[in-house]
Amino acid sequence: MESSSPFVTLEGNEAAASVAYRTSEVIAIYPITPSSGMSELSDQWSAAGKRNLWGTVPIVQEMQSEGGAAGAVHGALQTGSLATTFTSSQGLLLMIPNMHKIAGELTSAVFQVAARSLAAQGLSIFGDHSDVMQTRSTGWAMLFANSVQEVGDLAAISFASTLESRIPFLHVFDGFRTSSEVNKILPLSDDDLRGLIDDKLITAHRNRALTPDNPVMRGTAQNPDMYFQGREASNPFYLATPTIVQNVMDLFAKITGRQYHLFDYAGAPDADRVIVIMGSGAETVEDTANYLNARGEKVGVLKIRLFRPFSVEHFIHALPASVRGIAVLDRCKEPGSAGEPLYQDIATAITEARFSDHLQTAANLRTLVGGRYGLSSKEFTPAMVKAVFDELKKAQPKNHFTIGIDDDVTFTSLAWDPAFDIEPAETVRAMCWGLGADGTVGANKNSIKIIGEETDNYAQGYFVYDSKKSGARTVSHLRFGPKPIHAPYLISHANFIGVHQFGFFERYDVLATAAEGAVVLINSVYDAETVFSKLPKRAQVQILDKKLKLYVIDAYKVAEEAEMGNRINTVMQVCFFAISGVLPRDEAIARIKDAIRKTYAKRGESVVLKNFVAVDKSLEHMHPVTIAENTVANGAAVPPTVPLNAPDFIQKVTAKMMAGDGDLLPVSAIPIDGTYPTGTTQWERRNIAQDVPVWDADLCIQCGKCVFVCPHAVIRAKVYDPALLAGAPETFKSTDARWKEMPGQRYSLQVAVEDCTGCALCIEACPVKDKTQVGRRAINMAEQFPIRETEAANWEFFKELPEVKREDSVVFTNVKNSQLLQPLFEFSGACAGCGETPYLRLLSALYGDRLVIANATGCSSIYGGNLPTTPWSQNKVGRGPAWSNSLFEDNAEFGLGMRLTLDQQTTMARERLTALRETVGAEATDALLNANQTDDKGINAQRERVLALKATLQTMTAAGGAPAEAAHLLQEVADALVRKSVWIVGGDGWAYDIGYGGLDHVLATGKNVKILVMDTEVYSNTGGQASKATPLGAVAKFAASGKAMRKKDLGMLAMSYGHVYVAQIAMGASDAQTIKAIAEAEAFDGPALVIAYSHCIAHGIDMTQGLRQQKLAVDSTYWPLYRYDPRLRAQGKNPLQLDSGPAKIAFKDYANNEQRYRILAQSYPAHADELMAMAQTAVTEHYKRYEELAK
Amino acid sequence: MIDLSTTYMGLKLAHPLVPSASPLARNLDGIKRLEDAGAPAIVLPSLFEEQIEQESHSLNHFMSYGAESFNEATTYFPEMGTYNTGPDHYLELIHQAKKAAHIPIIASLNGVTDGAWIDYARRIQQAGADALELNIYYVPADPKISADQVERRYIDALFHVKRTVTIPVAVKLSPYFSAMGNMAKRLSDSGANALVLFNRFYQPDFDLDNYEVVPHLVLSDSDELRLPLRWIAILYKRVASDLALTTGVHTHLDTIKGLMAGAAVVMVASELLANGTKRIGEILHDLQGWMAEREYVSVRQMRGSMSQAHVRNPAMFERANYMKTLDSWRPDPVGQSLSR
């Protein structure tokens, strides 16, 4: 049923993309959070043949980087297209060189930017203005939208303005807060857009195009004689732009009724205090100012829309003459500056006006201060706005302040009252705490759409996720009410709280935001009579104190009855509507069913019907909870977030972040330079798996395959002296070890059940089958809860058992023995069953104590480095991988730099040691200089030598005199005498696309770096966009019609150098070849490239079958296993060894198990057949080529 | 001139050798190839309700899996315009086949729910199918389900479909009924225009290397002809429905036997899958040769000529058949068998 409402509810990204798409002919894209949504929509629309305003389907072209996208747009513009792109953060920074060119050539264009933090002391995907402020000098106009409605509107105004002004426009809105907020807006029709655009200006744009029919040239090289004048030649265009933009805004108002100005003032006309601000925060300031003015204050907000070109004149005119104090709020930080950018501009504007003979500044203006707020989507609330206005009342208000944090180091922060709340009573505020997997967010998005489009209410939705990819928590913030909702901040006083996971009560303070008398809907197995008694005391107290009304439903039971698995979304949605009363119950049910049909009809009628069943069954299972008047809170205390034996930093800082209280951390608690301890996931017991593996010691053959493939390193094996079993917990299991090198020992396989994600890859990897019931393995899944406590105790005991001695005569570079090595990568937040992490686990186990890792941005930098807890860990003596992430595009170079340092330090150490040979002793020196460090034993021996050397040097230093200085210099670099390994790791987006130039160069240097490419064949972290690794025939975002080109053969390119060790591996096809290749790469004295097949959630597979898919990929010869070892040439052998044989199955027999291939057959069957045939040809030819080369 | 034409469910066919449901007719190219090879009608592969459901749920699962869980990736696949999850693709094949081919197109349907039988049958008729074969392919593994319930399911499915469509409806049966004759009669009485005997179940096998149960597809051979042959012979003239013989038809002799048992058509698939669609022409050629040699002028002469009603010893098709086999067996004298 189509809605007759003129309103739509959508995200900011869609509002921007809708206008950008309709006004473009060429769109160059590259994924980056949080702008990717705009690119994805454009690609989908183009694939579906949606036409722009002029009846053409825009070409949407993915590029290899944002730099590439900007270059492509530059070229498209120069040849007369209407071209655009979308980006954020570092992506925008990569566009800056082209932006200077595009502006310098006075080219009409609009880039849509979801503004985001820049990576500094740490990366952040969240919103602020750090990125766009870097572009101030590019010559681009900058227009800021503050809300979802404004995003659509100002995207259109930007386009019309750039055509007339010839100045390119950056259209900016806040990343996440606006780009991902769902709000009810009035969209712009094609006619609205046409009314705004002067077609003659488009013709003029085309007439400026480069064409051999009327040849001109641009991009000349200019000399000192005239470059300067050339820079000034465009001045008239910049001078004219503010007026042009205002005129467009006025025309827009005539068309739509919505009036904008370059600077929009709101608040008391006679305000004495004004906040100047850009972006979504302006909405908060406006609402707060109105609230305060209604209570007798005189305050206002000046919202800056056109930040560049900055019109001093328009700004001064917009400022109330009555103002006495101004606070300028910047959503960025420029360390070391005289002030943040907007503050500096306002200061300049006011100063210029003061000295001007034609501009009048406010006569009573006494105060101008600047402050920082909202970095990385830090909350900016009405309470904070009030604190700023209050500060302006002071005779000497704090300048360069911060608001929203507690700066107890340099005391910049202002205090605020968290209890201050301005939201009108008629606005219903609902929060739902769910898991990603339970579908809560999807249902809430549906609810917002229903309320926004099917009722007269306005509605807003915003969704907060934690940073884990498995077992992720989601919190939905929903508002609806009779007036438009301008509240770009999280709900702090909720009328309704849905707790979709009962376990959350223990882990998070979910009722902290409940308003007095709020309704709480709990999903629980406990019934209405018992549920209260099962709550922790903290929640019970809140329920009693705030007089909360409780409802309970066993949503999982309903979902099970409706055959919906663990998707409780529909059930909880129905209950929400029934309780909230936003619609009459029957109408709500009808609307929900309409929404279900809209959402799921494409996926099949039976999916729709199952949801309908869930709808119909929900209400009968929901029950109010009666709490007697004399009820007392006697529930259990909330357990500590981390064990009490955790280190101080973990207790004081990490635990706060884990509990969701990171906002309360003061500046002094945070490391000053982004340096954090490793090995912190061990303190986070997430307990997210319903079922976990359980070892059957009697069946086990101790092959170690389960340990090998465990993506989360929760399965460990040890061989140890039987005497150590004294004091073992009763349920601790062990059996005789089957190692001839270690006779008489016991063997235990232990699962960390509290850290397991329940992915079951281990079960699939187990080669054992019980003779009496062949479905049973030596490791089997069982329910976690009943064994949680005992297995946790077993794990603690197991951890204390000694690790295997690496200097023993055991070769660890085989699958069986490698299980005994302690992994130094554990319990990551990667997706359950991740195909990447087993490779990292293996790498860390083999070489972790000497690893330096350069990690490209992407999945592996998120599950590897996203706070609060990180998986790279340390061994008992404190050694372990040192890890860092620089950028997406520079990872190979970053790793090379590390290698250069290590090499240089080794050279320095050897030189200095040689110089001190006599003092240190010839024997010791020679031993140090000639040490064999090809294995653990050799390295450990060298460590001992260095330890002894340092003791000697310490004595020499203490003795003073001339040798002391030399000793000191050697001491500084002595550790470099021990071999260190640099592994450069990342995904295919980095290696094949954005970082390929660097990767290629690093390989070409011949330096001793190892590169591990975990090839998921898409940009997994940003949601599965195509890369050059994406195979022919697969669907991915940005390849919605199926990838029509072959996958790039990265290995072949690397082999062409001749001096690079190259291997292609797939753990699920051959674990032995995998470990062999990694060991050979490590041992190779030169650059090595290992390309690892990494199954991925973005392939659309049953993740328990990831290893099987790897095997099928190899069996079909789609993914041949090989090793190219240049050392073999010296032995007269072919360096290329093909480790897998000819095709056993057709490519389709592998591919059709994956949704990425099937989806094309479902959508475009004929095209899918065609691509599948091409893919088979490509696979056959590819393998044949390798076969010939390996002969 | 020998007349090979036959009538099946009121459809006039050039000859009685009809390609049964198989992957050969899964797309338009295949259908055209069969027509070019001389097929007088084509039974399309079945539209499986369960498969449609499974595909829908699989699609829904993978489109939802991991979605809305992580800030940077709220989905993992582009939203496509359509997924063809319903029967549309199949209906389009019927539509295209009717446009491209000049022979009757018999659709085949395997339903689970009453709603699907009704809905899909209606849409199949609307798409232009000349007839519909109900492929009630069903393994009643649940011990709680009685024989009566199983039989009821067949009757109900036919009832729903017959109420819905006007095109002829055939029912393809499995051989596993205790009272096959009764079952056939009830289906015939319920309006089945034809009975197709018999469906072949693909029996799973054990992979002893990997201790796995694996699907195992074996093409039929002529030996398998005898089971449907017997029942067609028995049912001929006892039920009003036309009879079609399927399973084990590989040669002109198999064809002749089927016709003589009483089949209006014989259906062939394994032979065509193994040796190509050209086999239609070859079998027909041999059939004509055989008929010419024996001076048959039409297949109508043959039909039912060796049915139970028309043979000298009808008991041969019943228990006596078994007894006769036993009677005809004599132990060889010691050593004699080795010498022969």
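**Group meeting: a predicted two-chain complex**

Let me start in chain A, where strand β4 (residues 83-87) and strand β5 pair in the parallel sense over 4 bridges; two strands count as paired if DSSP finds at least two bridges between them, and helices (H or I, at least four residues) and strands (E, at least two) are DSSP runs numbered from the N terminus. From β4(A) the chain passes through helix α4 (residues 89-104) of chain A to reach β5(A), and this β-α-β crossover is right-handed, in the sense that, with the strands pointing away from the viewer, the path from the first strand over the helix to the second runs clockwise.

Before going further, I should say that this is a predicted model, in which local features need pLDDT of at least 70 and side-chain atom pairs count only at pLDDT 80 or more, while totals for chains, interfaces and linings use all residues. Residues are numbered from 1 along each chain as its sequence is written, and chains are lettered from A and ligands numbered from 1 in the order in which they are written.

Staying with β5(A), A:Thr85 stands opposite its residue A:Phe111, and 6 bridges join β5(A) to strand β7 (residues 169-174) of chain A, with the two running parallel. In that second pairing, A:Val110 stands opposite A:Phe169 of β7(A). How many residues of β5(A), which spans 110-115, are buried? The count is 6 of its 6 residues, where buried means that 20 or more other C-beta atoms lie within 10 Å of a residue's own, exposed means 12 or fewer, and partly exposed lies in between, with C-beta atoms placed from the backbone. In a regular strand the side chains alternate between the two faces of the sheet. Here both faces are covered, with A:Val110, A:Gln112 and A:Ala114 buried on one side and A:Phe111, A:Val113 and A:Ala115 buried on the other.

Further along chain A, 8 strands form an open sheet of mixed pairing, in the order β30-β29-β31-β32-β36-β35-β37-β38. The edge strands, each pairing on one side only, are β30 (882-884) and β38 (1136-1138) of chain A. Neighbouring strands of this sheet are turned by 15° against each other on average, direction ignored; axes are lines fitted to C-alpha atoms, for helices over the stretch in contact, and angles run from 0 to 180 degrees between N-to-C directions. At the β38(A) edge, strand β37 (residues 1122-1124) of chain A runs antiparallel to β38(A) and is joined to it by 3 bridges, and the bridge partner of A:Arg1123 is A:Gln1137.

Turning to helix packing, the axes of α30 (residues 891-915) and α36 (residues 996-1005) of chain A come within 7 Å and cross at roughly 30°. A:Ala892, A:Glu893 and A:Leu896 of α30(A) meet A:Gly998, A:Leu999, A:Val1002 and A:Thr1005 of α36(A), where contact means that C-beta atoms, placed from the backbone, lie within 7 Å. By class, this contact has 4 nonpolar, 2 polar and 1 charged residues, with Ala, Val, Leu, Ile, Met, Phe, Trp, Tyr, Cys and Pro counted as nonpolar, Asp, Glu, Lys and Arg as charged, and the others, Gly among them, as polar.

Now to chain B, where helix α7 (residues 226-235) is largely enclosed by the rest of the structure, because 7 of its 10 residues are buried. Those buried residues, including B:Trp231 and B:Ile232, pack against α6 (180-189), β8 (194-197), β11 (242-246) and α8 (252-261) of chain B. After α7(B) comes B:Lys237, whose phi is positive, near 75°.

B:Ala170, in strand β7 (residues 169-173) of chain B, counts as buried because it has 27 other C-beta atoms within 10 Å. B:Val196 lies 26 residues away from B:Ala170 in sequence, with 6.8 Å between their C-alpha atoms.

Between the chains, 40 residues of chain A are in contact with 33 residues of chain B. On the chain A side, α2 (36-47), α15 (440-454), α22 (605-621) and α42 (1155-1163) each give two or more residues, and the largest share, 4 residues, comes from α42(A). That side divides into 16 nonpolar, 16 polar and 8 charged residues.

I will close with confidence. The predictor gives the complex an ipTM of 0.94 and a pTM of 0.94. Chain B averages a pLDDT of 90, with 94% of the residues scoring at least 70, pLDDT being the predictor's confidence in each residue, from 0 to 100. Over residues 324-340 of chain B, however, the pLDDT is below 50, and this stretch has 2 contacts in the model beyond near neighbours in sequence.
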